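Trainee: Please take me closely through one part of this structure, the open sheet, and then follow the side-chain contacts outward from there. I would like one connected account rather than a list.

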Amino acid sequence: MKNNTLWEKYKGYALLLCIILCGCGVIYFIFRAFIIKTAQSDDFIIVSIQESNESETGLAAGENAMKEYTAAGEIAENEDEEQTIIRSVLTTDEGKYLLDEDSNILCGPYRDFLEEDINAYSLTIYRYVDDNGLMGYISMDGREITLAIYEEASQMKYGSALVREQGEEEIYYINEEGERFTYGFYSDGYPFAESQGSYARVQTADGSWAVIDRSENVLVEGMDYINELPLVYTYFTGVKDGQAFICDLPADTEDGLVIVYLPEFCDISKVYYGLFAIVRNEKGFYGVVNAVGEEILPAKYYSLSFEVMPSSEGYSSFTAFEFTLQTSADGEYEMVVISDW
């Protein structure tokens with residue numbers, strides 16, 4: 001009788017407790033409905049959760065140390081504009097994985113990816129590093145273009161890259177499919193990207209330097225050295241047999257080259273802004289010549305430097321340069337502005 005009395009007294013509380021527990025269960029299942037994607041591997045989980053129509057991506061890896069770096073580039077604010085494709089890298093104990101913009105794994109694990117490639121929004125092919133420390137190339141969708149066989153490999157830009165295989169003395173060039181397209185022996189060189197994919201500087205078997213095009217036609221050869229090829233302008237410089245020279249790259253190799261030798265100078269800079277180069281004579285004095293080798297400032301200065309002077313339209317349009325010239329060994333200087341080229 002006493003037990004029945006207790007039940008009558010507390011049954012209201014029991015029913016309230018049941019209602020609360022049922023409510024918690026409903027809330028739990030509603031929360032689970034918000035989980036729209038779960039990608040799980042042995043050691044880490046990638047989860048995307050949607051709340052209030054706003055997406056947020058979370059990365060969970062237990063106790064694994066993780067690091068993410070993402071491709072740079074401006075993202076269009078207007079959804080109708082073309083979006084920059086984003087790639088990121090996930091680091092785990094097993095290695096690094098390349099992820100797409102939705103945090104899906106595209107490839108991996110590798111020892112590393114070249115961060116400057118991932119961060120270069122204009123690149124669509126990246127370098128990766130395997131467990132032996134050698135490099136290969138993958139596409140931005142995770143397709144392996146080459147095996148990791150290169151101890152030296154440049155960025156894949158303007159359709160090609162410079163590579164050197166492990167233990168080999170020669171460098172050569174490959175295209176975006178990983179196919180070799182140069183077969184001459186070059187002990188060293190620079191990427192075709194210097195001149196937007198048209199020409200490259202290479203060092204031949206005898207130690208001299210040459211300029212070749214993508215078909216391995218030789219434009220100049222037998223040079224002591226050649227300065228950086230122009231990205232925008234057409235002039236490049238160097239030294240042959242101890243004499244400085246300036247060369248004008250043709251739009252078509254059949255037009256031939258125009259080379260101006262400057263025998264009074266033993267050293268020369270690249271051509272700045274397509275306008276002038278700094279030269280040095282055997283006595284160690286510096287001067288300035290224009291892009292066709294004509295004297296602008298005589299070679300009588302102990303040192304010189306210059307700064308660009310913006311026009312009324314700003315730095316995007318310039319014609320004047322301010323030169324600082326050391327006129328004596330005691331450190332006396334004078335300033336000269338040149339705007340007539």
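**The open sheet and its surroundings**

Mentor: In this predicted model, strand β21 and strand β22 (residues 276–280) are paired in the antiparallel sense, and 2 bridges join them. One of the bridge partnerships can be named residue by residue, since aspartate 267 has arginine 280 of β22 as its partner. This pairing belongs to an open sheet of 4 strands, which follow one another in the order β21-β22-β23-β24 with antiparallel pairing. The edge positions are taken by β21 (267–268) and β24, and because each of these has a single partner strand, one side of each is left without a neighbour in the sheet.

At the β24 edge, a useful residue to look at is leucine 297, which lies in that strand, spanning residues 295–301. Although β24 is an edge strand, leucine 297 has a relative accessibility of 8% and therefore counts as buried. Once neighbours within four places in sequence are set aside, its contacts are Gly287, Val288, Phe323, Leu325 and Ile338. Among these, phenylalanine 323 stands 26 residues away from leucine 297 in sequence, while their C-alpha atoms are 9.8 Å apart in space.

Phe323 leads from the sheet to the aromatic side chains, for ring pairs link this residue with Tyr272, Tyr273, Phe276, Phe306 and Phe321 in a cluster. Tyr273 in turn leads to the surface, where this residue, together with Tyr158, Leu231, Val232 and Tyr233, forms a nonpolar patch whose accessible area comes to about 490 Å². Another member of the patch, tyrosine 233, sits in the loop that runs between β17 (225–226) and β18 (235–240), and its relative accessibility of 41% is why it counts as partly exposed.

The aromatic pairing deserves a wider view, because a pair of rings is described by two quantities, the distance of the centres and the angle of the planes. Over the whole structure, 18 aromatic pairs are found. One of them joins tyrosine 173 and phenylalanine 181, whose ring centres lie 6.4 Å apart with 35° between the planes, so this pair is classed as tilted. Both partners are buried, tyrosine 173 with a relative accessibility of 0% and phenylalanine 181 with 17%. Tyrosine 173 also pairs with phenylalanine 192, here in an edge-to-face arrangement with 4.8 Å between the centres and 70° between the planes. Tyrosine 173 is part of strand β12 (residues 172–175), whereas phenylalanine 192 is in the loop between β13 (188–189) and β14 (199–203), so this pair ties together parts of the chain that are 19 residues apart in sequence. Phenylalanine 192 is likewise buried, with a relative accessible area of 0%.

Charged side chains provide a further set of links, and the count comes to 11 salt bridges. In one of them, glutamate 116 meets arginine 127 with a distance of 3.5 Å from N to O. Glutamate 116 belongs to helix α2 (residues 115–118) and arginine 127 to strand β8 (residues 125–129), and the pair thereby links distant parts of the chain, 11 residues apart. The two ends of this bridge fall into separate accessibility classes, glutamate 116 being partly exposed with a relative accessible area of 42%, and arginine 127 being buried with 8%.

A comparable description applies to glutamate 152 and arginine 164, whose salt bridge has its closest N and O atoms 2.9 Å apart. That pair also links distant parts of the chain, with glutamate 152 in strand β10 (residues 150–153) and arginine 164 in strand β11 (residues 160–165), 12 residues apart. Here too the glutamate is partly exposed, at 29% relative accessibility, while arginine 164 counts as buried at 10%. Where salt bridges share partners, Glu116, Asp117 and Arg127 are joined into one network.

A last salt bridge to examine joins glutamate 194 and arginine 201, and its closest N and O atoms are 2.4 Å apart. In this case both residues, glutamate 194 and arginine 201, are buried.

Definitions and conventions
Residues numbered from 1 in each chain as written. Predicted model: local features only at pLDDT ≥ 70, side-chain atom pairs only at ≥ 80, totals over all residues. Heavy atoms only, no water. Patch = residues over 30% accessible without salt bridge, like charges linked within 9 Å, V, L, I, M, F, W, Y side chains within 5 Å. Areas by Shrake-Rupley, 256 points an atom, 1.4 Å probe, with all protein chains shown as cover. Salt bridge = Lys/Arg side-chain N within 4 Å of Asp/Glu carboxyl O. Buried < 20%, exposed > 50% of the residue type's maximum accessible area, 1.4 Å probe, protein only. Contact = heavy atoms within 4.5 Å. Pairing = 2+ DSSP bridges. Phe/Tyr/Trp six-rings, centres within 6.5 Å; stacked < 30°, edge-to-face > 60°.
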